[in-house]
Amino acid sequence: MIQEIAAPVRERLLPFSLPSIGPEEIAEVVECLRSGWITTGPKVERFEDRFRRLTGARHALATSSGTAALHIALLAAELKDGDEVLTTPMTFAAAPNMVLRAGGRVAFADIDLRTFNIDVKAARQRLSPRTRVLIPVHFAGLPCRMAELERLCRERGILLLEDAAHAVGASYDGRPIGSIGDMTAFSFHPIKNITTGEGGMLTFRDERWLRKLSLLRFHGMDRNAWKRYKAEGSPHYDIELPGFKYNMLDIQASIGLRQLDKLDALNLARESMARTYREEFGGVEELFLPQDPPYAHRHAWHLFTVLLRTEKLRIGRDAFLAELKREGIGTGVHFQAVHLHPYYRGLGFRRGQFPNAEYVSDRILSLPLYPRMTREDLRDVVLAVKKVLARSLKT
Ligand SMILES: *Cc1c(COP(=O)(O)O)cnc(C)c1O
């Protein structure tokens, strides 16, 4: 009897995330491998073309990662010493890291406590004459208040670079993410809504960025290898600047093309699971659930995050996650606020500067949310969370 009570909800761990790779992706990769052309070529061009149509962006450049897309975008902005880039602390460190690598200074504005996205008023207050770029992050796939952020950037002549790593397929007021800001960076890391193994995409409207970004992406060369090796190509090329090796492979684009076929179905599956979580946890006082913002949008539901009201519990967030693991449920923390990481503390950031982000950072956790989960998996997560909560309550 005692053993029965102590039995975990699941014997085998439910992974926090799994990519949705099916026979279509596998067949396309095999076809690519057999074709004789495996690096950047026709499949990458098709993937970029499909992505342009999906987002309504005029240009799309596929890259080796979302971080690479952010890096070339920030380099194209040509930051001078002391130029600032304003972003949110409630994010993965990729964008702030690349700001530093592009020679800029990182500035943060605190987040909105309902959406966990950058707070527009805080952003406005934190702007300085040195602010050159604003990087909003569509946290968990929920679009930021883009109308306000666009206005802010237009008024001040600031470049609007969206970090849309969580937001493929999302839209704001009927406009697809990828068509709004000056530039938008996406990620196809295996945890994201669609994957290419590793990979990223930078979309943008203005033709004037195209050449610079293409050069930065590939050695600073004026033409890519595929075009050079084609029958009509010439073997010559010119190096116009010291560029990076950030190109996407046709092997990766093979996966991406077949993932794009499924994007809508994958995102609908996420949305449906998120709805179930919200229903199941609706009355649970110890959890703060994702809130709907007061504007029209389509959420990409990259993550399902909740805040644990640790005031009501005997244990903290990290112990809670360890208990969930014992019940057979994998979880994540997205994110520890960037300004609290050692390197950023070394730059002078400290606890107390962004109280909303810190409040969230200390209490947030991500539950498994991916299309390969079954209804039974979802039920197990709900059971395990309720079970651990019940035994952790302050008495
Ligand atoms: C995943 C992620 C990135 C980086 O994408 P990679 O493809 O892993 O380089 C950037 N920003 C955010 C918010 C992310 O979650």
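How many of the 395 residues in the protein are buried, as a percentage? Buried residues make up 55% of them. Keep in mind as you read that this is a predicted model.

**The protein as a whole**

Let's start with the overall picture. The protein contains 14 helices and 13 strands. Its radius of gyration is 22 Å, and a compact globule with 395 residues would have one near 21 Å, so the two values agree. Along the principal axes, the C-alpha atoms fill a box of roughly 80 × 55 × 40 Å.

How does the chain meet itself? Take the contacts between residues at least 6 apart in sequence: 73% of these join residues at least 24 apart.

Now for the surface and the charges. The protein exposes about 17600 Å², and carbon and sulfur atoms supply 52% of that area. There are 57 positive and 48 negative side chains, and the centres of these two sets lie 2 Å apart.

**An open sheet of three strands**

Strands of a sheet pair through backbone hydrogen bonds, and the pairing can be parallel or antiparallel. In this protein, 3 strands form an open sheet in the order β10-β12-β13, with antiparallel pairing. Residues 287-288 make up β10 and residues 364-367 make up β13; each has a single partner strand, so one side of each is left without a neighbour in the sheet.

β12 covers residues 304-308 and pairs with β13 over 4 bridges. Two places to look at are F304, whose bridge partner in β13 is L367, and T305, which stands opposite S366. Within β13, I364 and S366 point one way while L365 and L367 point the other way, and all are buried.

**A parallel pair**

Which way do β2 and β3 run relative to each other, parallel or antiparallel? They run parallel, joined by 4 bridges. One of the residues to find here is E84, whose bridge partner in β3 is R105. Along β2, E84 and L86 point one way and V85 and T87 the other way, and all are buried.

**Helix α5 and its surroundings**

Helix α5 spans residues 94-101, and its buried residues are A94, A95, P96, M98 and V99. An α-helix has 3.6 residues a turn, so residues three or four places apart point the same way. The buried residues of α5 pack against several elements, and the table shows where to find them.

| Element packed against by α5 | Residues |
|---|---|
| α4 | 66-76 |
| β2 | 84-87 |
| β3 | 105-108 |
| β4 | 131-135 |
| β5 | 159-163 |
| α12 | 342-346 |

β2 and β3, the parallel pair described above, are therefore among the elements that α5 packs against. After α5 comes G103, whose phi is positive, near 85°.

**A look at R270**

R270 is found in helix α10, which runs over residues 250-280. Is R270 buried or exposed? Its relative accessibility is 3%, so R270 counts as buried.

Leaving out residues up to four places away in sequence, R270 touches I191, K192, N193, A300, W301, H302, L369, Y370 and P371. K212 makes a useful distance check: R270 and K212 are 58 residues apart in sequence, and their C-alpha atoms are 37 Å apart in space.

Technical notes
Residues numbered from 1 in each chain as written. Predicted model: local features only at pLDDT ≥ 70, side-chain atom pairs only at ≥ 80, totals over all residues. Heavy atoms only, no water. Rg over C-alpha atoms; globule rule 2.2 N^0.38 Å. Buried < 20%, exposed > 50% of the residue type's maximum accessible area, 1.4 Å probe, protein only. Contact = heavy atoms within 4.5 Å. Areas by Shrake-Rupley, 256 points an atom, 1.4 Å probe, with all protein chains shown as cover. Lys, Arg positive; Asp, Glu negative; His and termini not counted. Charge placed at Lys NZ, Arg CZ, Asp CG, Glu CD. Pairing = 2+ DSSP bridges.
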